[in-house]
Amino acid sequence: MQPLDPPALLAELTLEEKTSLLSGSGFWHTRAVDRLGIPSIMVSDGPHGLRKQAGPGDHVGSGESVPATCFPTAAALGSSFDVDLVRRVGVAIGEEARTQGVSVVLGPGINIKRTPLCGRNFEYLSEDPLVSGELGAALVHGIQSQGVGASLKHFAVNNQETDRLRISAVVDERTLREIYLAGFERVVRTARPWTVMCSYNRVNGVYASQHRWLLTEVLRGEWGFDGLVVSDWGAVDDPVAAVAAGLDLEMPSSQGTGPARILEAVASGALSDTVVDAAAARLLRLVDRALAGETRAATGDAATGDADAHHDLARAAAGECAVLLKNEGPLLPLDAGVRHVAVVGEFARSPRYQGAGSSKVTPTRVDDALTTLRARLGDGVRVDFAPGFGVDDPEADDAALLAEAVETAAGAEVVLVFLGLPASFESEGFDRDHMDLPVEQVRVLEAVGAANDRVVVALANGSVVATAGWEGHAGAILEGWLGGQAGGAAIVDVLVGDVNPSGRLAETIPLRLADTPAFTNFPGSDSEVVYGERIFVGYRYYDLVDRPVSFPFGHGLSYTTFEYSDLDVVVVDGPGSPADWRGAGRIEVSLRVTNTGARAGKEVVQLYVGAADAAAPRPVRELRGFDKVALESGESTVVSFTLFDRDLSRWSTRAGGWVLDPGAFEVAVGASSRDIRLGATVVVDVPRPALPLGRGSTFGEWLDHPVGHDLLIEALRIGPGGDLTPLLEDPETVKMLSSFPLTRLVTMLGDAVGSALVDRLLAQLSIP
Ligand code: BGC
């Protein structure tokens, strides 16, 4: 296909044609304008594998789709903490999309896991915006390297499924900036996705699809997004308000109603035709990019999807994502001399490997753990199996299954128990109401644990499950998440030690639901949910209130051990690395990590920063860098990070921007948020950020202002009532007066300072 000439086409399109482009054709296509040779392009879900519906479409996962590699879900990929691996998964998804003629992949989803109960947590990466942003960017880079666009979703603050098409997330701006928008900002600025998908929900009362501040001021104006904004499927409530706010493409087709209303609005003067032009131009640019991508593929510049190679990648990836939570004994890896293994749990032969809804892929094949284990251990090892429980099976005879499981487990050298969430427990479209495993599964574990004291639990779930109630019955626990079509085989790779586990928790496993930060504010009522925990999401909350958890953010064991040493933290005198969107590079951090065990393994080195002297409440520590390093036994390496202004800053609503407070910062490096191995305190010597002064500013704010301070002192010195500055020699007095708006002090002091003092000072600063 020839590339398009968007500016020339825009000039030739009629207003009707332009508006027609702003709504889809059917479920998965943009509209064509045959007269001018503008083709229709296809978009398809989704985040962990392609769901191309060749026939009539739907967006709830019920219709058939073309077989594609089902990679580990985002919940799993988040735990890999491996940017390169996630990029390679993106490349493979992009290859398959290109091979199938799909121009835009509807993913990744990078919403923050605000609560373990969100039904869609399996589609999201982390409770932390750095992990979501870095790994989201890796997926976008990978997909787009194949000449296929990504769609970063769901923008924004889509953290629950309950009432998802109407719910208003009530969130203050600092929380938006530091937590819910931060990952999106990182992906947009660093990976430049072709499209962003707006979410269904409202943000502070306004539908995301009509949110001008979000779609235009922040996304385009501040972050420089130059792509197209597409609606989530059916997210547009008012098509005119949506286009005016910055939405370009309504999906799926609105059967002509959206374009008709936009036309009417232009005709009546309610909507400017320049807004329509801008949206149509962005649509043309997207089609042009897609055509250029096809050309690249046709000329052999992009690889074609190879099912075997992609299956192998899916297996390797799932192995990198599994998190070894606990390993007493150590029970794992299985002893090479083992001769009799019992496997319990239906999931061992019927794996649960992906979630339900729009992301559901038709896999090219599925590996189950039981078959893989038998093949791997060979004929010399007895592997007995008992399902133990039925999964979403009303006819299961629990008592008989349990008795069989106990009998199977009793004589074995080790029992591998495969537990997890049935598909009916978590899905797009609804939230969970608890975070427990099904009771019949826990019963089986308890009974098996009573019959055999060498029990390993392998978990399959898309969102965390509480482990506190049953973990005493298991010597080892391996969290496999929903690991994609090769997840069953990958778990075996880890159990037998062919793969050394290196996944780390991208979300905390709390002791109980009542401990979770959003507990009192979820899922809201009357279509409104208040984000009352503010910036204290996930580990930021547990650390603030010093609450014990089952397994902390960043945790994950290995079959080897790592030692951290030689931490070096240098505050660069003046900006170090050239400034980018994160500001100046200010602190250089390096350390040595050594594999002190007997096996090769991978460590996720985590860098946390705490602002000890912050002028506003801040988390104890926040993740500001991570690096996954592979080390042979005995090998060591130096890991380095740069901390930029942004990494040390907080969002100030009053300042209307990021502010860097001077003072002490804790720089901590560790193997989890609660396993800090090395730390240093550094002092950042920058001027205290000056808040913009105005009529409402306090006496203290005037004193803190670099220019305002001197003007005020001078005015007080030469005021009509004589020199008042001696009053300021008493620190207690200054402290007490500091919280008074200057206007009120002036009123009280009256003639002593002159009633026009504030007006005069503001005029001197040219503030209206
Ligand atoms: C989901 C999106 C998805 C779209 C198309 C919506 O229901 O929220 O994530 O991309 O459907 O299937």
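**Exercise 1. Find which residues G538 touches, leaving out residues up to four places away in sequence, and describe the setting of G538.**

Solution. Begin with contacts, where contact means heavy atoms within 4.5 Å: G538 touches E127, T508 and P517, once residues up to four places away in sequence are not counted. Next, place the residue in the chain, remembering that this is a predicted model, in which local features need pLDDT of at least 70 and side-chain atom pairs count only at pLDDT 80 or more, while totals for chains, interfaces and linings use all residues. Residues are numbered from 1 along each chain as its sequence is written, and side-chain values use heavy atoms, with hydrogens and water left out. G538 belongs to the loop between strand 16 and helix 17, where helices (H or I, at least four residues) and strands (E, at least two) are DSSP runs numbered from the N terminus. Then consider accessibility, for which buried means under 20% relative accessible area, exposed over 50%, and partly exposed in between (1.4 Å probe, protein chains only). G538 has a relative accessible area of 4% and is therefore buried. Finally, the C-alpha atoms of G538 and E507 are 6.9 Å apart in space, although these residues are 31 apart in sequence.

**Exercise 2. Determine where D526 and D546 lie and what is notable about the phi of each.**

Solution. As background, most residues other than glycine have a negative phi, and most peptide bonds are trans. D526, a residue other than glycine, has a positive phi near 50°, and its place is the loop between strand 15 (509-510) and strand 16 (528-530). With a relative accessible area of 77%, D526 is exposed. D546 is not a glycine either, yet its phi is positive at about 55°; D546 sits in the loop between helix 17 (539-544) and strand 17 (549-551). Its relative accessible area is 64%, so D546 is exposed.

**Exercise 3. Locate the cis peptide bonds that involve A156 and P252.**

Solution. One cis peptide bond joins F155 to A156, with omega about 10°, and A156 is found in the loop between strand 3 (149-155) and strand 4 (168-170). Another cis peptide bond runs from M251 to P252, with omega near -10°, and P252 lies in the loop between helix 9 (239-245) and helix 10 (257-268).

**Exercise 4. Describe how helix 6 packs with helix 7, and how helix 12 packs with helix 16.**

Solution. Take helix 6 (residues 173-180) and helix 7 (residues 182-191), which pack at about 50° with axes 5 Å apart; axes are lines fitted to C-alpha atoms, for helices over the stretch in contact, and angles run from 0 to 180 degrees between N-to-C directions. Under 35 degrees counts as roughly parallel, over 145 as roughly antiparallel, 65 to 115 as roughly perpendicular and the rest as oblique, and helix 6 and helix 7 are therefore oblique to each other. On the side of helix 6 the contact involves L176, R177, E178, I179 and Y180, which meet A182, G183 and F184 of helix 7.

Now turn to helix 12 (residues 307-321) and helix 16 (residues 487-496), whose packing angle is about 55° and whose axes are 8 Å apart. This pair is therefore oblique as well. R315, A318 and G319 of helix 12 make the contact with G487, A489, A490, D493 and V494 of helix 16.

**Exercise 5. Decide how many disulfides the structure holds, and explain why C70 is in none.**

Solution. Apply the criterion that a disulfide is a pair of cysteine sulfur atoms within 2.5 Å; the structure holds zero disulfides. For C70, the closest cysteine sulfur is that of C321, which at 12 Å is too far for a bond. C198 is in no disulfide, since the nearest cysteine sulfur, in C118, is 17 Å away. C70 counts as buried at 0% relative accessibility, and C198 is buried with a relative accessible area of 0%.

**Exercise 6. Is D645 buried or exposed, and which residues is D645 in contact with, leaving aside neighbours within four places in sequence?**

Solution. D645 is located in helix 18 (residues 645-648). The relative accessibility of D645 is 16%, so this residue counts as buried. With those sequence neighbours left aside, D645 is in contact with R582, G583, A584, R586 and L660.
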